[in-house]
Amino acid sequence: MFFFIAVFIFLVGIISLFAFPALSPVPYFPTNKKDLDLIVGAFNLPPSEKTIIDGGAGDGTVIFAAATAAFQQKKSDRFVAVEINPVLVLILQIRRFFHPNKNSITILWADMLSLPFDRLPEFKHTSIIFYAYLSPQFLVKAVNYFYLRCKSFRLVSYMYPVMNSQARLLKKITGVNTIYVYRVV
Ligand SMILES: C[S@@+](CC[C@H](N)C(=O)[O-])C[C@H]1O[C@@H](n2cnc3c(N)ncnc32)[C@H](O)[C@@H]1O
């Protein structure tokens, strides 16, 4: 009996992590795989050494595809997946373990709005690309937070345009959903 109650509580806990906005302000919804090539192409900008951060990485659909492309092209880019949901963090860690480019990938279990990005070693001496597939309201907060710490970065936003005044639109790419590329300065 105790076993079934424990399993029930565990399952309710897991479902709550995905269902309640207070626990996960932006619900988990992966980027459409048909747009992956376009998104990874949007990361492919000079200079050659970059750090790509997926703020709210979900199951890692985008970050692992980008890390695979870098591995195949023998690039030394760094990849950082930030995720608040512990179940997704576990999935990210397992996927990282089996990834051919795992040494270039960092998984952080954290709220992206309280992460000291500027103090992370991955961010030293590289250009920063921030990938975001977030709600429009959360996107504004995330870009402001990131801007205060990184000052200058490239932003690739999936599906939603960015309203922040510091963001200058560079490109709009049409896929299944629109991909917006900005320079934030
Ligand atoms: C729409 S999904 C995008 C997933 C992934 N980036 C992709 O494109 O496939 C948004 C993700 O952001 C995560 N998230 C929401 N708020 C967060 C926060 N404050 N810090 C870190 N991750 C967060 C959610 O748990 C969810 O996995």
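User: How many other C-beta atoms sit within 10 Å of Leu38?
Analyst: Heads-up: this is a predicted model, where local features need pLDDT of at least 70 and side-chain atom pairs count only at pLDDT 80 or more, while totals for chains, interfaces and linings use all residues. Residues are numbered from 1 along each chain as its sequence is written. Leu38 comes out as partly exposed (buried takes 20 or more other C-beta atoms within 10 Å of the residue's own, exposed takes 12 or fewer, partly exposed is in between, with C-beta atoms placed from the backbone). Its count is 17.

User: Which residues does Leu38 touch, leaving out those up to four places away in sequence?
Analyst: Leu38 is part of helix H2 (helices are DSSP runs of H or I with at least four residues, strands are E runs with at least two, numbered from the N terminus). Its C-alpha atom is separated by 8.1 Å from that of Ile179, 141 residues apart along the chain. With contact meaning C-beta atoms, placed from the backbone, within 7 Å, the residues touched are Ile173, Gly175 and Ile179.

User: Within what arc do the buried residues of H2 fall?
Analyst: Helix H2 covers residues 36–43, and Ile39, Ala42 and Phe43 are its buried residues. Looking down the axis, they line one face of the helix, because the directions from the axis to their C-beta atoms fall within an arc of 105°.

User: Which residues of H2 are exposed on the other side?
Analyst: The buried residues of H2 pack against several elements, among them strand S1 (50–55), helix H3 (61–72) and strand S5 (153–158). Over on the other side, the exposed ones are Asp37 and Gly41.

User: How many residues of S5 are buried?
Analyst: Both faces of S5 are covered, with Phe153, Leu155 and Ser157 buried on one side and Arg154, Val156 and Tyr158 buried on the other. That fits the general pattern, as side chains in a regular strand alternate between the two faces of the sheet. S5 is largely enclosed by the rest of the structure, because the buried count is six of the six.

User: What is the bridge partner of Ser157 in S7?
Analyst: S5 pairs with S4 in the parallel sense over four bridges, where pairing takes at least two DSSP bridges between the strands. There, Ser157 stands opposite Ala132. S5 and S7 run antiparallel, joined by six bridges, and here the partner of Ser157 is Tyr180.

User: Which helix joins S4 and S5 in a β-α-β unit?
Analyst: The unit is right-handed, which means that with the strands pointing away from the viewer, the path from the first strand over the helix to the second runs clockwise. The helix spans residues 136–150 and is H5.

User: Is Met159 buried or exposed?
Analyst: Met159 lies in the loop between S5 and S6, and its phi is near 80°, a positive value in a residue other than glycine. Lys151, in the loop between H5 and S5, also has a positive phi, near 65°, but Lys151 is exposed with 12 other C-beta atoms within 10 Å. Met159 has 20 such neighbours, so Met159 is buried.

User: Which residues come nearest to the ligand?
Analyst: The shell around the ligand divides into 14 nonpolar, six polar and three charged residues (Ala, Val, Leu, Ile, Met, Phe, Trp, Tyr, Cys and Pro count as nonpolar, Asp, Glu, Lys and Arg as charged, and the others, Gly among them, as polar). H3 and strand S2 (78–83) each supply at least two shell residues. A residue is near a molecule if its C-beta atom, placed from the backbone, lies within 6 Å of it. Of the 23 around the ligand, the nearest are Thr31, Gly56, Gly58, Ile84 and Tyr133.

Technical notes. Two residues are in contact if their C-beta atoms, placed from the backbone, lie within 7 Å.
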